[in-house]
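Please read these notes with the sequence and the model open side by side. They follow one loop residue and then one strand with its partners.

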Amino acid sequence: MIELLIVMGIIGLLMVLTVPTFITINRGTDVTSAAYTMKGVLDTARTYAKANNTYTWVGFYEENVANSASPNPDTPAVGRIIISIVASKDGTKIYNANNTSIDPSRLIQVGKLVKIENIHLGLLPLGTGTGDTFDTRPLPTPAPVDDSRFGELNGSPTGTAPTQNSHYPFQYPVGSPAPAQYTFQKTLQFNPGGESNINSGLGVLGMPYDVKRIVEVGLQGTHGTRVDTISPNLVAVQITGFGGNVKIYRR
């Protein structure tokens, strides 16, 4: 009996010591999985634009994961990311200076909505631009940096990138005009040649659709609506504006 109690005590101690490690591994795996999902979405949007000689848009939307209903208006809007890909039906970019959004009747949905839970679009510490690791990864360019990346500072609307919402957001569902379930204010556009633009801010030529040399999407794990700031759970997904190469950097 004494030996059995000793063995049970040792097992209990090992469980206490190993549980935090497993939690970190699981959360790290979640963020890594989300990063590969994001990479797949970006690759799909770019490939579709080139293959069909048209424009595509990727929309990012984040909401409160504590509310199982989706969409929901609860604050903070943290923990559940919804991603949509749409394309121009006729191959033109559709919008012009007279529009305040993209006409849904002129869009088609590319694939299904993607929903990722317990993940936050975060503003990550910038790389130094001197290497090929998370800490030395390239800087999003051109300046200002925050108009070449997507994310928010721990869910705060005062620290957000891009610094302006898209000039031409799009809705879900598309097709025949219908009440919007989701309105995607943060959008990435792919041209027929595969170049990527963020529809926000003003580019180097004073236009909001200059090709971005490097676009970054920051991902952080969450515990409910609380953003996990532990460094192993930081992942940056970068896409080059001209080549369309997508690379994942994980600290």
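**Notes on D147 and strand β12**

1. D147 lies in the loop that links β5 (119-121) to β6 (149-153), where strands (E, at least two residues) and helices (H or I, at least four residues) are DSSP runs numbered from the N terminus. This is a predicted model, in which local features need pLDDT of at least 70 and side-chain atom pairs count only at pLDDT 80 or more, while totals for chains, interfaces and linings use all residues. Residues are numbered from 1 along each chain as its sequence is written, and side-chain values use heavy atoms, with hydrogens and water left out.

2. D147 counts as buried because its relative accessibility is 5%; buried means under 20% relative accessible area, exposed over 50%, and partly exposed in between (1.4 Å probe, protein chains only). The C-alpha atoms of D147 and K212 are 8.9 Å apart, although 65 residues separate the two along the chain.

3. Strand β12 (residues 214-223) has 9 of its 10 residues buried, so the rest of the structure largely encloses it.

4. Which strands pair with β12 in the antiparallel sense? Two strands pair if DSSP finds at least two bridges between them. β5 does so over 3 bridges, with I119 as the bridge partner of G221, and β14 (residues 234-240) over 7 bridges, with V217 opposite V237. β13 (residues 226-227) is also antiparallel to β12, over 2 bridges, and in their hairpin, which has 2 residues between the strands, G224 takes a positive phi near 65 degrees.

5. β6, by contrast, runs parallel to β12 and is joined to it by 2 bridges, with R149 standing opposite E216.
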